[in-house]
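Colleague: Could you take me through one part of this model closely, and set it against the rest of the chain? I would like the cut-offs along the way, please.

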Amino acid sequence: EAWYEFRIIAVMDDMVSEPSNVVGVSSTDFFPPPEMVEERGLTRPVVAGIVATICFLAAAVLFSTMAACFVNKQRRKKLKRKKDPPLSITHCRKSMETP
């Protein structure tokens, strides 16, 4: 069981208020500090960091793959347009011997 007393003051650039009335709170619940190791061997913040890292890496791999596919598709379209041979004008020439 613990008893806590609080007072509040407001601080501004050039003023400090008078302290408020005392407010008391008692607690009978025990909350272990987060640094304590749980039965599984890792604290919750460590597990949260590991999960966040895995999610970030998965998202980065997915985004990179999608970007590479998009760029490759655009490149293939561009190469396909360039591969068409230019029209030949030689078969359209008129003979000079024709009157």
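Modeller: Happy to; here is a close look at the helix, followed by the strands.

This is a predicted model, in which local features need pLDDT of at least 70 and side-chain atom pairs count only at pLDDT 80 or more, while totals for chains, interfaces and linings use all residues. Residues are numbered from 1 along each chain as its sequence is written, and side-chain values use heavy atoms, with hydrogens and water left out.

The protein chain has 1 helix and 2 strands, in the order β-β-α from the N terminus. Helices (H or I, at least four residues) and strands (E, at least two) are DSSP runs, numbered from the N terminus.

Helix α1 covers residues 44–83 and includes Val46. UniProt, in an unreviewed entry, lists residues 46–71 as "transmembrane region"; its positions are given in the numbering used here, feature names are shortened, and annotations may be inferred rather than shown by experiment. In the model, that span is 100% helix and 0% strand, with its end C-alpha atoms 37 Å apart.

Val46 also belongs to a nonpolar surface patch with Leu42, Val47, Ile50, Val51 and Ile54, together offering about 480 Å² of accessible area. Such patches take residues with over 30% relative accessible area and no salt bridge, joining like charges within 9 Å and nonpolar side chains (Val, Leu, Ile, Met, Phe, Trp, Tyr) within 5 Å. A salt bridge is a side-chain nitrogen of Lys or Arg within 4 Å of a carboxyl oxygen of Asp or Glu. Areas come from the Shrake-Rupley method with a 1.4 Å probe; for residues, only the protein chains shown count as cover. Val46 itself is partly exposed, at 39% relative accessible area; buried means under 20%, exposed over 50%, and partly exposed in between (1.4 Å probe, protein chains only).

Now the strands: Trp3 sits in β1, residues 2–6, and is exposed at 54%. Leaving aside residues up to four places away in sequence, Trp3 touches Gly24, Val25 and Ser26, where contact means heavy atoms within 4.5 Å. Trp3 and Ser26 are 23 residues apart in sequence, yet 4.4 Å apart from C-alpha to C-alpha.

As for confidence, pLDDT is the predictor's confidence in each residue, from 0 to 100. Its mean is highest in α1, at 90, and lowest in β2 (residues 23–27), at 85.
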